[in-house]
Amino acid sequence: FPPFWIIGIAIFFVRMEPTPEAECGKTAAEQADEIALLRKAELKWSKRCAYALLSLIALVGLIVLICFGAKVGAFKHRS
């Protein structure tokens, strides 16, 4: 769903912050390992969102160009 793809792409620009040790009960090393694992997965899905959105934009652009070139649909009556 395209709006979610835009939100997914925003993950590229968000930095993950660990919670304080007292709140989560994990050591700093455990948190660093967990954040690294989560960040890897988030970046993978963020890239997939970017590819999906770019593919959609390219597909819509291609369809518009084909319709304009063939003068069909909304472009039929233009001179």
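Is I6 buried or exposed? I6 is exposed, with a relative accessible area of 51%. The cut-off for that label is over 50%, so I6 makes it into the exposed class at 51%. Keep in mind as you look around that this is a predicted model.

Let's step back and take in the whole chain before returning to I6. You're looking at three helices and zero strands, and from the N terminus on the elements simply run α-α-α. Of the 79 residues in the chain, 9% are buried. As for who touches whom, take the contacts between residues at least 6 apart in sequence: 56% of them join residues at least 24 apart.

Now for the helix pair that I6 belongs to. I6 sits in helix α1, which covers residues 2-9, while helix α3 covers residues 28-70. The axes of these two helices come within 8 Å and cross at roughly 135°. That angle makes α1 oblique to α3, because roughly antiparallel would need an angle over 145 degrees. The crossing of α1 and α3 is left-handed.

Which residues of α1 and α3 make the contact? On the α1 side you'll find P2, F4, W5, I6, G8 and I9. On the α3 side, the partners are S46, C49, A50, A52, L53 and L56. Sorted by type, the residues of this contact come out as 10 nonpolar, two polar and no charged. So I6 is part of the contact with α3, and it is also exposed by its relative accessible area. If you want a distance to check in the viewer, try the C-alpha atoms of I6 and A52: they are separated by 9.8 Å, with the two residues 46 apart along the chain.

S46 is a good next stop. It lies in helix α3 and is one of the residues in the contact with α1. Its relative accessibility is 0%, so S46 counts as buried. What does S46 touch once its neighbours within four places in sequence are left aside? The answer is G8, I9, I11 and F12. Two of those names should ring a bell, since G8 and I9 are in the α1 part of the helix contact.

Stay in α3 and look at E42, which is found in that helix too. Is E42 buried, exposed or partly exposed? With 28% relative accessibility, E42 counts as partly exposed. Not counting residues up to four places away in sequence, E42 touches I11 and M16. I11 is also on the contact list of S46. F12, another contact of S46, can be placed relative to E42 as well: the C-alpha atoms of E42 and F12 are separated by 8.4 Å, although the residues are 30 apart along the chain.

E42 also leads us to the charged pairs. How many salt bridges are there? The count comes to three. One of them joins R39 and E42, with the closest N and O atoms 4.0 Å apart. These two residues are three apart in helix α3, so about one helical turn separates them. A salt bridge here calls for nitrogen and oxygen within 4 Å, so the R39 and E42 pair, at 4.0 Å, is listed right at that cut-off.

Another salt bridge brings together the side chains of E17 and R15, at 2.3 Å from N to O. Both ends are exposed: E17 has a relative accessible area of 53%, and R15 has a relative accessibility of 65%.

The remaining pair is E34 and K26, whose side chains meet at 2.3 Å, N to O. Here both residues count as partly exposed, E34 at 36% relative accessibility and K26 at 31%.

K26 also turns up in the surroundings of our last residue, Q31. Q31 is found in helix α3, and at 9% relative accessibility it counts as buried. What is Q31 in contact with, leaving aside its neighbours within four places in sequence? The list runs P18, T19, P20, E21, C24 and K26. So K26 touches Q31 and also takes part in the salt bridge with E34.

Notes:
Residues numbered from 1 in each chain as written. Predicted model: local features only at pLDDT ≥ 70, side-chain atom pairs only at ≥ 80, totals over all residues. Heavy atoms only, no water. Axes fitted to C-alpha atoms, helices over the stretch in contact; angles between N-to-C directions. Helix = DSSP H or I, 4+ residues; strand = E, 2+ residues; numbered from the N terminus. Parallel < 35°, antiparallel > 145°, perpendicular 65-115°, else oblique. Left-handed = near helix turned anticlockwise from the far one by under 90°. Contact = heavy atoms within 4.5 Å. Nonpolar A, V, L, I, M, F, W, Y, C, P; charged D, E, K, R; others polar. Buried < 20%, exposed > 50% of the residue type's maximum accessible area, 1.4 Å probe, protein only.
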